[in-house]
Amino acid sequence: MSDGLITVSPGSAGEGRVRRPRVLSPLREHLRDTMWFAPTIGLIGSLLLWWAASEVDAELVRLLQDDEEYDTLRDLNQLAEDTKVVISTIGSAMMTFIGVVFSISLVAVQMASGQFSPRVVRLYVRSRITKITLTVFLATFLFSLMTLTSFDSEQDPRLVTNVPLVEGLIALLMVLLSLLLFIAYVNGTLRMMRIGFVIDRIAREAFRVAVKHPTEEELADDRLGSETTRITHDGRAGLLRDVNIARVVRAARRQGVVLRLLPRIGDFMVPGTPVFAVHGGPAPGRHALRYAVSVGVERTFHQDLGFGLRQLSDIALRALSPAVNDPTTAVQALDRIVQFLASVARYPLGTLRHRDRRGAVRLVQPVPDWPDLVDLGLAEIRGCAAGHPQVTRRMLAGIDDLLLLAPEGRRAPLLRHRALLEQAVERLVPEAADRDFALLPDRQGIG
């Protein structure tokens, strides 16, 4: 994250539309992009579970000793000794399972990076089943080790202090859970190696960002006022991952100003890059905007409307490269690109307005406009598609569908791409019959 923001000279004003601020900070999304958080929580939970189970076992021993049930206690102690070997075996076996999980994960990540796109690796990092499996394996390993420390060397039932029966039972249940999760993990990893599933995951992530945008345009009756100053980035260089909207709105409300975000989510920023334009008064203090923007080494889906299209376009471009030559994968990517563009065809794009709880605009945020999204989804694929009739037919069918769904004012970019695609096919395909075939719209490409 970046907390370095400084104030500089004024610039120009901007326009915007309505958007309510998110209450939760982007911290949850940032933690999902890590592999350490869930296992750490699992290890802490494992220690707490062992402590609770140990207390239960110790209390059970005390109750039996108070009732002078020494024969029962001797039998339980013998049973616990018999399970000691099993618990020890569990501890050593879990390390083998953990190694297998890491090996499978690394192979899956390497295959996905080489076959699809390096940007899809984050799907594996964010995979819930991978994190849950690793967490339970580590927790089972730690719980087994702690259970071994609970075994009492004293055999006299009058002097024994702990008989780890509950701990042993919990360890066995955790092993059973680990085995079930391992089956689910292998199944999930194999699914993530299939291009159809990867494209579907990317599309669903993109739709989660799209549904956060307003579906109806509200009257833009708010005036930003004159720009008084600018706040610049003074942290490390990197991509603008997201903005803590709730924090920025709160800081602007306390200062009585409107903040206008200058870069778009996904832009690369260097120290000195203007981040916010301040309208209507002095800039909020440095502390008020601490951790307001997050800068990292890669883009995320959290607030980036165009990142899904970027990944889908990358997959299609790699599939159309001479080294891969897989137009069917490009058609699958185009299916989701058309689906995404159709879902946002009537959204008010370009700018979002975030309001405080009283309804006053406090943050104006730029987002990709309709022509930007259309170009992102179609331009690069169109440039490589002329020699692949399966792709040209699918793209023409997708553009025709979007022309039916998009409002009148948003049809120009679609018509431009359709005309450019037809020109490219006419230029590169010499035979008239082949040109007619390549320019025939078909939702399955060729089938």
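Contact here means heavy atoms within 4.5 Å. With that in hand, take Leu414: leaving aside its neighbours within four places in sequence, Leu414 is in contact with Trp370, Val374, Leu378, Ile399, Leu402, Leu403 and Ala406. Before going further, some ground rules: this is a predicted model, where local features need pLDDT of at least 70, side-chain atom pairs count only at pLDDT 80 or more, and totals for chains, interfaces and linings use all residues. Residues are numbered from 1 along each chain as its sequence is written, and side-chain values use heavy atoms, with hydrogens and water left out.

Leu414 belongs to a bigger story. In the largest nonpolar core, which has 57 residues, Trp370 and Leu414 touch the most other members. A nonpolar core is a set of buried Ala, Val, Leu, Ile, Met, Phe, Trp, Tyr and Cys residues joined through side-chain atoms within 4.5 Å; buried means under 20% relative accessible area, exposed over 50%, and partly exposed in between, using a 1.4 Å probe and protein chains only. At least two residues of this core come from each of α3 (70-115), α4 (121-125), α7 (195-210), α9 (307-320), α10 (327-343), α11 (370-385), α12 (389-405) and α13 (412-428). Those labels follow DSSP runs numbered from the N terminus, with helices being H or I of at least four residues and strands E of at least two. The top contributor is α7, with 10 residues in this core. There's also a second, separate core of 22 residues, with Ile231, Val243, Phe276 and Val295 among them.

Val295 takes us over to the strands. An open sheet is formed by 3 strands in the order β6-β4-β8, with antiparallel pairing. β6 (268-269) and β8 stand at the edges with a single partner strand each, so one side of each is left without a neighbour in the sheet. Two strands count as paired if DSSP finds at least two bridges between them. Strand β4 (residues 238-243) is joined to β8 by 4 bridges, and to β6 by 2 bridges. For landmarks, Leu239 has Gly296 as its bridge partner in β8, while Gly238 stands opposite Met269 in β6. Along β8 (residues 293-296), the side chains of the strand alternate: Val293 and Val295 point one way, Ser294 and Gly296 the other, and all are buried.

Now for the loops on either side of β8. Tyr291 sits in the loop between β7 (274-279) and β8. Its phi is near 60 degrees, a positive value in a residue other than glycine. Most residues other than glycine have a negative phi. Tyr291 counts as partly exposed, at 36% relative accessibility. In the loop between β8 and α9 you'll find Thr300, which is buried at a relative accessible area of 4%. Not counting residues up to four places away in sequence, Thr300 touches Asp33, Arg122, Arg241, Asp242 and Phe307.

The loop between α9 and α10 holds Ser321 and also Asn325. Asn325 has a positive phi of about 55 degrees although it is not a glycine. Ser321 is partly exposed, with a relative accessible area of 22%. Ser321 and Ala385 are 64 residues apart in sequence, yet 10.0 Å apart in space, C-alpha to C-alpha.

What about empty space? On a 1 Å grid over the protein atoms alone, a cavity is a set of points where a 1.4 Å probe fits but cannot get out, while a pocket is an open set with protein on both sides within 12 Å along at least five of seven lines; lining residues have an atom within 4 Å of a point. Points are joined across faces, edges and corners, and a volume is the space filled by probe spheres set on them. The largest pocket has a volume of about 400 Å³. Its lining has 20 residues, of which Arg32, Arg128, Arg201, Glu205 and Arg208 lie nearest the centre. α1 (27-32), α5 (128-148), α6 (165-192) and α7 each give two or more residues to that lining, and α7 gives the most, with 6 residues. As for closed space, the whole structure has 4 cavities of 30 Å³ or more. The second largest holds about 50 Å³, and its lining includes Arg264, Gln303, Asp304 and Pro368.
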